[in-house]
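Me: Please take a close look at one part of this structure and explain how it is put together. I would like a connected account that gives the meaning of each term as it comes up.

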Amino acid sequence: MVRFIFTIIFAQIICLCAESQVSNIDNGMLLEASFNVDTIFMEDSLKLHLLFKNTSNTVLDLYPEGIIGLVHNHKEFITYDTPQRITYKLHDFSNTKKVFSLNPGDEYQYDFDILANSNFFYEGENTVLVYYHFFDEPNKRKCKKREPKLSLWSTPINIIIRKQ
């Protein structure tokens, strides 16, 4: 009996983990990210391309200037030697004034210039994820913690950083 209960709990955990890893579509919006190069020298600049796709059957509003950043995708736990290595912030607030309506199947591309410096990147292979969070109201310190109106994560992307 204990073995049966353990098997059921184990199966539920596996299903929950698989669901959270498979889909990065939230409310019919898909986020894809890529760099313009595969390899770059430390302290050089590169471009990050973000592509938002409406995968639903309805018209969706996209606020491209949400909170956007890069985080490392490590399989094992690592310690960060500086706070800047935790996240590379590209856009730090939600702008509710810039909005685009995307019809089903429409795409919107947003590009960022990034400096490959040692504040965030490591020498060698870096696997990173891009996150996008949109809050429809400005964040106030006294407010309760809120969930974003739209939260998207890209699939992992790789870049190799070489020493100059």
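Reply: A residue is called buried when its relative accessible area is under 20%, exposed when it is over 50%, and partly exposed in between, with a 1.4 Å probe and only protein chains taken into account. The areas themselves come from the Shrake-Rupley method with a 1.4 Å probe, and for residues only the protein chains shown count as cover. By this rule, 35% of the 164 residues of the protein chain count as buried. The model is predicted, so that local features need a pLDDT of at least 70 and side-chain atom pairs count only at pLDDT 80 or more, whereas totals for chains, interfaces and linings use all residues. Residues are numbered from 1 along each chain as its sequence is written, and side-chain values use heavy atoms, with hydrogens and water left out.

A brief view of the whole chain comes before the part itself. The protein chain has one helix and eleven strands; these are DSSP runs numbered from the N terminus, a helix being H or I with at least four residues and a strand being E with at least two. Along the sequence the helix comes before the strands, in the pattern α-β-β-β-β-β-β-β-β-β-β-β. The chain exposes about 11,000 Å², of which carbon and sulfur atoms supply 55%. Among contacts (heavy atoms within 4.5 Å) with a separation of 6 or more, 76% involve residues 24 or more positions apart.

The part chosen here is an open sheet of three strands in the order 1-3-8, with antiparallel pairing. Strands 1 and 8 (107-115) stand at its edges, and because each has a single partner strand, one side of each is left without a neighbour in the sheet. Neighbouring strands of this sheet are turned by 20° against each other on average, direction ignored. For such angles, axes are lines fitted to C-alpha atoms, for helices over the stretch in contact, and the angles run from 0 to 180 degrees between N-to-C directions. Two strands are said to pair if DSSP finds at least two bridges between them. Strand 1 and strand 3 (residues 45-54) run antiparallel and are joined by seven bridges. One bridge partnership sets Met29 against Asn54 in strand 3.

Charged side chains also link the strands of this sheet. Side chains of opposite charge can pair when their charged atoms come close. A salt bridge is a side-chain nitrogen of Lys or Arg within 4 Å of a carboxyl oxygen of Asp or Glu, and the structure holds five of them. In one of these, Glu32 meets Lys53, with the closest N and O atoms 3.3 Å apart. Since Glu32 lies in strand 1 and Lys53 in strand 3, the pair ties together parts that are 21 residues apart in sequence. Glu32 is partly exposed, at 34% relative accessible area, and Lys53 also counts as partly exposed, at 22%. Glu32 and Lys53 belong, with Glu107, to a network of salt bridges.

Another salt bridge joins Asp113 to Lys47, the closest N and O atoms being 2.6 Å apart. This pair links distant parts of the chain, for Asp113 is in strand 8 and Lys47 in strand 3, 66 residues apart. Asp113 counts as exposed at 58% relative accessibility, whereas Lys47 is partly exposed at 32%.

Ala33 offers a view from within strand 1 (residues 29-35). With a relative accessibility of 13%, Ala33 counts as buried. Leaving aside residues up to four places away in sequence, Ala33 touches Leu48, His49, Leu50, Val130, Ser154 and Ile157. Trp153 is 120 residues away from Ala33 in sequence, yet the two C-alpha atoms are 9.2 Å apart in space.

Trp153 leads on to strand 10 (residues 150-153). In a regular strand the side chains alternate between the two faces of the sheet. Strand 10 shows such alternation: Leu150 and Leu152 point to one face and are buried, while Ser151 and Trp153 point to the other and are not. Strand 10 pairs with strand 9 (residues 124-134) in the antiparallel sense over four bridges, and Tyr131 stands opposite Trp153.
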